[in-house]
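Q: Please take a close look at one part of this model, a pair of packed helices. How do the two helices sit against each other, and which residues meet?

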Amino acid sequence: MEEVLEIIPPVDRWKVRHARWVEGGRMLEFEALPYRRLLESPSFKLVGGRVYRIELSYTPVGTGGLGIGVRRGRNWSWDLRRDYVSDEPVNTTVFFPVSETETFQIVLHHLQGGERATTQIRDLSVSLACVNEGLSAESDNAEIPFKSVWKRKLHSLCKNSGLWNSAVAAIEMRLGREEVLSLPQYMAFCPTGQCQALCDFCSVTINRAGVVKKQLPMQKLDRFLLPVAKTLRMVGVEGNGEPTLYDEFGELIERITTNGTAFYLITNGERLTSVLIDRLLASPVDSVNFSVNAATEETHAKVMKLTDFDRVIGNIRQLTGQRSPGLNPTPLINVSFVVVHQNIHEVVEFLKIAENDWGVDGIYIRPLSELANDFGAIEDQRDLVPFKEDIEGMVEQVNDYLRTTQRKAQVHFFPETFRSFRENPLSDSSSTFKLPPKSRWQLENHSIKASWSGSRVAVRGEGFVGQYLLSSYNAPCRTMQDMEIPIEVIVESGTLGIGVLDEQNSKWIKTASFDKGRHGETFKFNTGDNGALKLVLYAGSDDALQCEVDWKDALDGGAKDEAVLNSGSEAVSENEGRSSARHRDKTQTLWQSLSGFLFKPRSPGSVKYYCQKPWTDLNNFSVDGRMDVCCIATGPSQERYALGNIHDQSFQEVWNGERMREFRRTVNSPDKLPPCQRCPMAYAYQGPFFDPKHTLDWLFENPLLILGVGSLKPVYQKIIHRMIKTVLELAVFAGFKRN
């Protein structure tokens with residue numbers, strides 16, 4: 001139930017500045033001068049910890065615009081400003097959170113440009129309402145389990161200053177703190193699970209029942225936005241649905257950008273209209289990212305099941321044509337292409353059209369995401385998965401195009417991330433059967449740890465008799481072929497079973513059991529009618545297992561390098577010292593942690609920091625309210641890595657909950673969780689004190705530094721710039737990966 005504040009009188013009782021009422025108070029008239037205040041409301045007090053809504057409506061006489069702002073009473077600084085330009089009646093809503101109880105004033109003013117301002121408006125109305133009591137600043141601090149006064153004070157500084165928050169988060173990441181005082185700087189929300197597209201690679205398409213018709217309640221969003229109102233640098237509007245189908249999409253944009261926070265939008269582009277495009281261009285949107293996934297109408301319909309390709313491309317062209325001119329036009333317009341079997345032949349054509357015809361700023365050629373469960377990546381046998389030879393051909397063609405043509409857009413293409421593919425079918429001339437390389441084996445048991453060295457795999461852990469432990473992806477083979485695979489098995493404890501499954505993974509073709517001891521064995525079997533086979537290691541007894549298998553020459557690329565697969569299980573990790581890490585985090589003082597960080601010897605070139613996201617990011621990618629640290633750790637098959645739920649838990653229960661602490665504990669250690677092990681976005685630093693380039697650019701945009709350095713000769717400016725860069729690299733960014 002909204003609380004209407006009686007302290008805001010009708011606008012005809014406001015203080016008139018550079019305007020006058022005519023026609024008996026029905027019309028406000030003024031001159032189209034540069035920025036002038038027209039009307040000022042009486043001062044009023046708002047309660048901290050709440051979100052308020054201002055509703056503005058008026059009818060302009062002719063074409064023009066009007067501005068509205070909120071001023072804070074302490075020094076009458078602006079908390080909020082919005083400009084509106086229209087020749088139609090305006091009905092708009094502005095939201096703003098209030099962190100501390102204070103006096104405010106609403107002001108109507110000319111547009112700052114002046115020349116676009118209207119000179120007459122009718123039917124002017126302004127109202128104010130509290131839409132969510134939220135959490136007061138005091139109660140939010142009390143919710144944090146910090147008994148120390150200085151920790152409370154430091155948290156309060158973080159909450160009220162984005163710069164303080166970034167600095168504290170950077171220190172906490174370098175110290176490896178699990179329970180943090182800082183707050184998120186980057187968030188993403190999924191406002192709806194509804195989507196008119198039916199992309200086969202999308203999680204919504206795979207599991208549409210029960211989710212697609214839901215929308216994220218706005219009051220749930222408020223509970224998470226209020227504590228971070230002054231710390232957020234960027235908010236994503238994305239997720240497993242089409243955001244523009246959200247019933248309150250315009251209100252959502254107003255809500256998340258109240259404090260000037262930038263946001264980005266990911267859309268399929270079909271539901272965008274001219275009105276919505278104008279609204280986006282008037283907001284602090286950083287980028288609009290179109291999921292196109294095709295270069296032609298036919299392929300677009302086949303991959304996304306959408307019917308209006310021309311409208312999508314028209315919307316892209318409209319945005320690129322209407323946005324702000326200059327050296328840094330906003331928003332950035334990006335297009336993406338997820339490579340699947342049905343569209344892989346159009347990748348280069350997509351690059352050509354996007355660069356030369358659509359006029360976009362960024363092009364993302366993305367791999368099909370690997371399927372995964374709680375133990376790691378799993379085999380994807382769907383028809384949409386490209387074959388290995390098609391991926392290799394596409395990579396060669398794209399690299400040739402990028403090498404031989406001049407760039408008109410920034411192309412994001414990383415061949416090493418294309419890990420999801422099907423092995424090529426064996427041709428009639430093929431005579432050699434190979435087991436998949438070590439990267440294409442998957443753990444099947446939460447208590448198992450498997451490590452590779454050359455062609456050897458060591459397996460240890462526990463499982464009940466018959467339970468799968470480790471299995472290969474399907475390996476192509478010829479039908480009706482007699483196979484011989486020489487292997488060596490060493491069992492130190494327990495009993496190991498090795499089996500060969502048919503193409504459907506439904507029945508055994510061959511099995512063998514190995515007790516304690518060293519065994520030399522040649523696996524002999526006939527492939528029958530199968531075009532592919534799967535090798536499986538399983539528990540032959542209920543006893544704890546410790547063994548090693550050497551696949552010799554049968555493993556593809558077996559002797560090239562080493563790899564480690566960790567299940568990420570709590571049982572194994574506790575035995576590896578996780579409990580001691582948790583104890584250390586709680587008992588060390590800040591000075592002990594800081595001195596250990598500063599004075600611990602390490603190589604200047606060593607890379608220590610793999611990821612910052614557990615200290616800076618908090619995301620909601622699905623409309624069911626699940627919260628995740630990043631998009632790699634999400635999805636219904638990875639429930640173990642969910643941080644919590646926006647519908648059921650408080651902000652701090654998610655942000656400093658046990659699962660988020662586990663990510664902070666492991667992500668920059670050798671014992672990473674499975675989602676982190678396979679992450680294609682490692683070392684993607686962003687923001688001040690995390691990204692070296694961003695920090696340097698931000699530092700040299702500081703007015704005090706500009707005043708001090710700008711008066712020097714260019715040669716001295718260059719020297720100072722290089723000195724500061726060197727100091728930052730040695731003192732602030734030691735342990736970060738350098739490009």
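A: The helix pair comes first, then the confidence of the model, then one strand residue.

This is a predicted model. Take helix α5, residues 218-225, and helix α6, residues 249-256. Two packed helices are described by the angle between their axes and the distance between the axes. Here the axes come within 11 Å and cross at roughly 10°. Angles under 35 degrees count as roughly parallel, and α5 and α6 are therefore roughly parallel to each other. The crossing of α5 past α6 is right-handed.

Now the residues. From α5 come M218, L221, D222 and L225. They meet E251, L252, R255 and I256 of α6. Five residues of this contact are nonpolar, three are charged and none is polar.

Next, confidence. Mean pLDDT for the protein chain is 81, and 82% of its residues reach 70 or more. Two stretches stay under 50. Residues 133-142 are one of them, with 21 contacts beyond four places in sequence. Residues 558-604 also stay under 50, with 95 such contacts in the model. Where pLDDT is low, the predicted coordinates should not be read in detail.

Last, the strand residue. E55 lies in strand β7, residues 50-60. E55 has a relative accessible area of 37%, so E55 is partly exposed. Beyond its neighbours within four places in sequence, E55 contacts T92, T93, S125, V126 and S127. E55 and T93 are 38 residues apart in sequence, yet their C-alpha atoms are 4.6 Å apart in space.

Methods. Residues numbered from 1 in each chain as written. Predicted model: local features only at pLDDT ≥ 70, side-chain atom pairs only at ≥ 80, totals over all residues. Heavy atoms only, no water. Axes fitted to C-alpha atoms, helices over the stretch in contact; angles between N-to-C directions. Helix = DSSP H or I, 4+ residues; strand = E, 2+ residues; numbered from the N terminus. Parallel < 35°, antiparallel > 145°, perpendicular 65-115°, else oblique. Left-handed = near helix turned anticlockwise from the far one by under 90°. Contact = heavy atoms within 4.5 Å. Nonpolar A, V, L, I, M, F, W, Y, C, P; charged D, E, K, R; others polar. pLDDT = per-residue confidence, 0-100. Buried < 20%, exposed > 50% of the residue type's maximum accessible area, 1.4 Å probe, protein only.
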